[in-house]
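Q: I'm new to this structure and would like a close look at one part of it, the nonpolar core. Could you walk me through it?

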Amino acid sequence: MDDLYREVIIERYKNPLYKGELDPCDIRFEDENPLCGDHIRIDLRVDDQNRVTEVAFSGHGCAISQASADLLLESIIGKNLDEVKALTKEDVLDLLGIELGPVRLKCALLSLKVLKAGVYGLGESTDGLVGEEFE
């Protein structure tokens with residue numbers, strides 16, 4: 001089963017479905033993982049009921065960070081911002097479907113960190129963004 005998930009990660013890295021930019025957008029945030037240089041920017045459009053209608057990400061980095069962003073954004077289309085705020089690291093890890101060590105965990109969770117910073121309207125992201133969620 002791990003091989004299937006690895007194939008999905010490689011495919012989403014090589015051919016992401018949501019890579020690009022939304023201009024204009026309602027929510028935009030970006031950050032990077034200084035340990036490895038991964039960088040992600042996420043753009044969202046939301047409707048008048050705070051439901052995510054369009055998504056895009058841009059940036060660069062390893063297969064895990066880029067595939068994670070693509071899979072995460074796909075999973076939030078149609079959700080309201082409260083549902084997006086409730087997402088956890090386990091949700092992202094379930095999307096990836098493989099076990100990750102501590103270094104790769106930070107790569108996988110960068111998109112969640114950026115997404116939550118954007119929906120919470122934070123001016124700057126920090127490593128302690130939402131507490132233990134990113135440790």
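A: Sure, let's start with the whole chain. This is a predicted model, and buried residues make up 44% of the 135 residues in the protein chain. You'll find 5 helices and 3 strands here, and reading along the sequence they run α-β-β-β-α-α-α-α. Of the contacts between residues at least 6 apart in sequence, 59% join residues at least 24 apart.

Now for the core itself. The largest nonpolar core has 35 residues, and those with the most contacts inside it are Ile-42, Leu-44, Val-52, Ile-64, Leu-73, Ile-76 and Leu-115. At least two core residues come from each of β1 (27-32), β2 (39-46), β3 (52-60), α2 (63-76), α3 (81-85), α4 (89-96) and α5 (102-120). The largest share, 10 residues, is supplied by α5.

Try zooming in on Ile-76. Leaving aside residues up to four places away in sequence, Ile-76 touches Leu-44, Val-52, Val-55, Val-84, Leu-87 and Leu-115.

Next, have a look at how α5 sits against α4. These two helices pack at an angle of about 115°, with their axes 10 Å apart. Angles of 65 to 115 degrees count as roughly perpendicular, so that's how α4 lies relative to α5. Their crossing is right-handed. On the α4 side you'll see Lys-89, Val-92, Leu-93 and Leu-96, and they meet Leu-105, Ala-108, Leu-109 and Leu-112 in α5. Sorted by class, this contact has 7 nonpolar, no polar and 1 charged residues.

Terms used
Residues are numbered from 1 along each chain as its sequence is written. This is a predicted model: local features need pLDDT of at least 70, side-chain atom pairs count only at pLDDT 80 or more; totals for chains, interfaces and linings use all residues. Side-chain values use heavy atoms; hydrogens and water are left out. A nonpolar core is a set of buried Ala, Val, Leu, Ile, Met, Phe, Trp, Tyr and Cys residues joined through side-chain atoms within 4.5 Å. Buried means under 20% relative accessible area, exposed over 50%, partly exposed in between (1.4 Å probe, protein chains only). Helices (H or I, at least four residues) and strands (E, at least two) are DSSP runs, numbered from the N terminus. Contact means heavy atoms within 4.5 Å. Axes are lines fitted to C-alpha atoms, for helices over the stretch in contact, and angles run from 0 to 180 degrees between N-to-C directions. Angles under 35 degrees count as roughly parallel, over 145 as roughly antiparallel, 65 to 115 as roughly perpendicular and the rest as oblique. A crossing is left-handed if the near helix is turned anticlockwise from the far one by less than a right angle, and right-handed if clockwise. Ala, Val, Leu, Ile, Met, Phe, Trp, Tyr, Cys and Pro count as nonpolar, Asp, Glu, Lys and Arg as charged, and the others, Gly among them, as polar.
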